[in-house]
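Biologist: Please take a close look at the lining of the main enclosed space in this model, and then set it beside the charged contacts. I would like a careful, connected account.

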Amino acid sequence: MSSPDNLAGAPDLAYREGALVMEEVGVAAMAQRVGTPFYAYSSAYLERRYRAFMAAFGGEALLCFAVKANSNLGVLRHLGRLGAGADLVSEGELRRALAAAIPANRLIFSGVGKTEAELGAALAADVHQINIESEAELSLLSEVAKRVGRTARIAIRVNPDVDANTHAKISTGRSGDKFGIDLARAPEVLRRAKELPRIEPVGLAVHIGSQITSLAPFETAFSRVIDLLKALRSEGIALTRLDLGGGLGIRYKDETPPSVEDYAALVMRLTRGLRLELAFEQGRWIAGNAGILVSRVLYVKESTARRFVIVDAAMNDLMRPALYEAWHEIVPVAAPESKAPLAAVDVVGPVCETADVFAAGRLLPPLAAGDLVAFLSAGAYGAIMSSGYNSRLLVPEVMVHGGEFAVVRPRPTYDEMLAQERVPLWLL
Ligand code: LLP
């Protein structure tokens, strides 16, 4: 079996006396209390990752956790207390960050399609920085800022036209992608920004994609942005901030992403002597391997061609395999015997779609109805992308802290599910 970095030597998820344990809590005990499926996150892992990132930069960086990766209030509060800021892309995320008591001066509002109301909310909260992705958005922000009498500190998000060599659906920095403003146009936009009322240009931002597993695309993109920053400075646009986005990849299977130390060394080499405030928007690197999705085997079914392991989690709970053909390691919660034979199985959920497959032809030890399994590396873009498809209840989330755990999003009841909707009066 391959080993994502949460099972490889880290104490946060390991087999102890034959059973999978997260920190000091048995996964089976959580399943007993919460029911399956559910997500569990390790506080210790999140903390270790946050501290490792900051240490790599000698403490001289603002890490704005990408809330889109995991927006649970417990997770945000935990990271916020450690000193993290938040990278936001909607008013909902802004409200979550504020509810988690993350200070406004650590909030960056990004996103390609912010509404007027969202720009107003960001100004009202007085966020640290708003990242601008189009000229039209810049004009609108100036209008809103004039109206409310606040000055917006902005960074221009540039599109450096760099291929991040990642899955096409999560690549954002090629010139045909919808994100950012073309590098060549950026100077003009900044000159205009300087003249606009209530707009204070403070920096540049870049984010070229997610799950990036080599330094080369980062180096190309960052170099282009830094050259631009220097050119702007030489014409008197004194930018002081650089937001280098997120995107640092993690190990799901056998990827070998760069270490955070090497990533930091690259950034420090490129920015040396420039006296810049650095910000980052990592999501997956912080949370990905902090979480697991726990599920129970419902049935094992043999067809002529395949053996199906049907579990009670489905594509609506963890969309990544169906959407991006993503690999998530699957491990039994009860440690298999060391000599247990591996057999190729298809691990599938109950949803009525052929895409509801977590793994096809996966080599796993014997599994039987009632067994618990854990999908690893599910702490980022897991619960957050879940839905109620097939009228399945939204999957609950649990946070583990040493020997204790807390349900940080309970499973709704069927009555709560039904209470969200209304039958129109003419049908009553
Ligand atoms: N900043 C911006 C502007 C972004 O668009 C993203 C991710 C991030 C930061 C955080 O990227 P990270 O550090 O997590 O790689 N649902 C997909 C991933 C979508 C990423 C979208 N943008 C998945 O499950 O793989």
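**The largest cavity and the salt bridges**

Modeller: In this predicted model, the lining of the largest cavity is made up, by class, of five nonpolar residues, one polar residue and two charged residues. The residues concerned are A122, L123, D126, V127, I130, T151, A152 and R153, and among the elements that contribute to this lining, helix 5 (116-125) and strand 9 (152-159) each supply at least two residues. The space enclosed there comes to about 50 Å³, and the structure holds two cavities of 30 Å³ or more. Rolling a probe the size of a water molecule over the atoms shows where empty space is left.

Turning to the charged contacts, side chains of opposite charge can pair when their charged atoms come close, and the structure holds 19 salt bridges. One of them joins the side chains of K68 and D87, with an N to O distance of 3.5 Å. This pair links distant parts of the chain, since K68 sits in the loop between strand 5 (62-66) and helix 3 (73-82), whereas D87 belongs to strand 6 (residues 85-88), 19 residues away. The two partners also have their own levels of exposure: K68 is partly exposed, with a relative accessible area of 32%, while D87 counts as buried because its relative accessible area of 1% falls under 20%.

A second salt bridge to consider is formed by the side chains of D346 and R306, at 2.6 Å from N to O. D346 lies in strand 17 (residues 343-348) and R306 in the loop between strand 14 (291-302) and strand 15 (307-311), so this contact ties together parts that are 40 residues apart in sequence. D346 is buried, at 8% relative accessibility, and R306 is partly exposed, at 36%.

The side chains of E302 and R307 form another salt bridge, with an N to O distance of 2.9 Å. E302 counts as exposed because its relative accessibility of 54% is over 50%, whereas R307 is partly exposed, with a relative accessible area of 33%.

Finally, not every charged contact here is confined to a pair of residues, because E135, R185 and E188 are linked in a network of salt bridges.

Note on methods: Residues are numbered from 1 along each chain as its sequence is written. This is a predicted model: local features need pLDDT of at least 70, side-chain atom pairs count only at pLDDT 80 or more; totals for chains, interfaces and linings use all residues. Side-chain values use heavy atoms; hydrogens and water are left out. On a 1 Å grid over the protein atoms alone, a cavity is a set of points where a 1.4 Å probe fits but cannot get out, and a pocket is an open set with protein on both sides within 12 Å along at least five of seven lines; lining residues have an atom within 4 Å of a point. Grid points are joined across faces, edges and corners, and a volume is the space filled by probe spheres set on the points. Helices (H or I, at least four residues) and strands (E, at least two) are DSSP runs, numbered from the N terminus. Ala, Val, Leu, Ile, Met, Phe, Trp, Tyr, Cys and Pro count as nonpolar, Asp, Glu, Lys and Arg as charged, and the others, Gly among them, as polar. A salt bridge is a side-chain nitrogen of Lys or Arg within 4 Å of a carboxyl oxygen of Asp or Glu. Buried means under 20% relative accessible area, exposed over 50%, partly exposed in between (1.4 Å probe, protein chains only).
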